[in-house]
Amino acid sequence: SDFDEKLDGPVSLYSQTTMDTDRYEHVRSLLKQRMRNPELLKSHNTICGQMKRRKPALKEFARNHDVVVFVSGKKSSNGKFLYTVASDQNPQTYFVSSAKELKNEWFKGAKSVGVSGATSTPQWLLKEVAEEIRAKSKMVD
C-alpha cells in the first residue's frame, strides 16, 4: 500500500480547536509510527481546553436523561462536536437552534429532559428552549 513507506519528515500536525482529543492523539501516534525519525514530528495541539473539560460531563449528562435537546447555531464547530458527544451517548438527542424547532413527539414517554448547548450558545436561548419544553412536558433539567 501507499503507507508502507516511512515518512522522512519533518512533519507538522495541527488540530482544529474543536477536534476530539482522543482522535488527535491517535493521529499523532500513527504519524510517529510512520516516521523514520519520530523526533521530526512537530505537534501543535490547539484543542480548546474548555471542550476537553466539557466532554466527560456532557457524556454523563446525556446518559442521565431520557431526552437531550442540544441548542446551538447550525454553523458552530463547537456545537456540532458537543452535539455528537451527547448523541453518541443518547440516541434521543436532538439539535435545535431555536425553541420553534422543538417537536412534541420527542418528549412522549420521557421522564427526564436535559437541555445543553455550545460554549457560544447564549443563556437566554437555553432558557427560552427550556421554558418551551417545560410548557410541553414539565420535566426539564
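## Helix H3

Helix H3 (77-89) has 13 residues, which at 1.5 Å a residue should span 18 Å. The C-alpha atoms at its ends lie 19 Å apart, so the span in the model agrees with the expected one. The model described here is a predicted one.

Several residues of H3 are buried, namely Asn78, Gly79, Phe81, Leu82, Val85 and Ala86. Around the helix axis they cover an arc of only 170°, and therefore they lie on the same side of H3.

## Strands E1 and E2

In a regular strand, side chains alternate between the two faces of the sheet. Strand E1, formed by residues 11-14, shows such an alternation. Val11 and Leu13 point to one face and are buried. Ser12 and Tyr14 point to the other face and are not buried.

Which strand pairs with E1, and in what sense? Strand E2, residues 41-44, pairs with E1 in the parallel sense, over four bridges. Within this pairing, Tyr14 of E1 stands opposite His44 in E2.

## Salt bridges across the chain

How many salt bridges does a search of the whole structure find? The search finds three. One of them joins Arg36 and Asp8, whose closest N and O atoms are 2.5 Å apart. This pair links distant parts of the chain: Arg36 belongs to the loop between helix H1 (21-34) and E2, whereas Asp8 belongs to the segment before E1, 28 residues away. Both Arg36 and Asp8 are exposed.

Lys74 and Glu101 also form a salt bridge, with 3.1 Å between their closest N and O atoms. Lys74 is found in the loop between strand E3 (67-71) and helix H3, and Glu101 in the loop between strand E4 (93-96) and strand E5 (113-117), so this salt bridge ties together parts of the chain that are 27 residues apart in sequence. Glu101 has a relative accessible area of 27% and therefore counts as partly exposed.

## A salt bridge within helix H1

Where in the chain do Glu25 and Arg28 lie with respect to each other? Both belong to helix H1 and are three residues apart, so about one helical turn separates them. Their side chains meet in a salt bridge, at 3.1 Å from N to O.

Are these two residues buried, exposed or partly exposed? Glu25 has a relative accessible area of 32% and is therefore partly exposed. Arg28, at 24% relative accessibility, also counts as partly exposed. Buried would require a value under 20%, and exposed a value over 50%.

Key:
Residues numbered from 1 in each chain as written. Predicted model: local features only at pLDDT ≥ 70, side-chain atom pairs only at ≥ 80, totals over all residues. Heavy atoms only, no water. Buried < 20%, exposed > 50% of the residue type's maximum accessible area, 1.4 Å probe, protein only. Helix = DSSP H or I, 4+ residues; strand = E, 2+ residues; numbered from the N terminus. Pairing = 2+ DSSP bridges. Salt bridge = Lys/Arg side-chain N within 4 Å of Asp/Glu carboxyl O. Expected span 1.5 Å × (residues − 1). Arc of directions from axis to C-beta.
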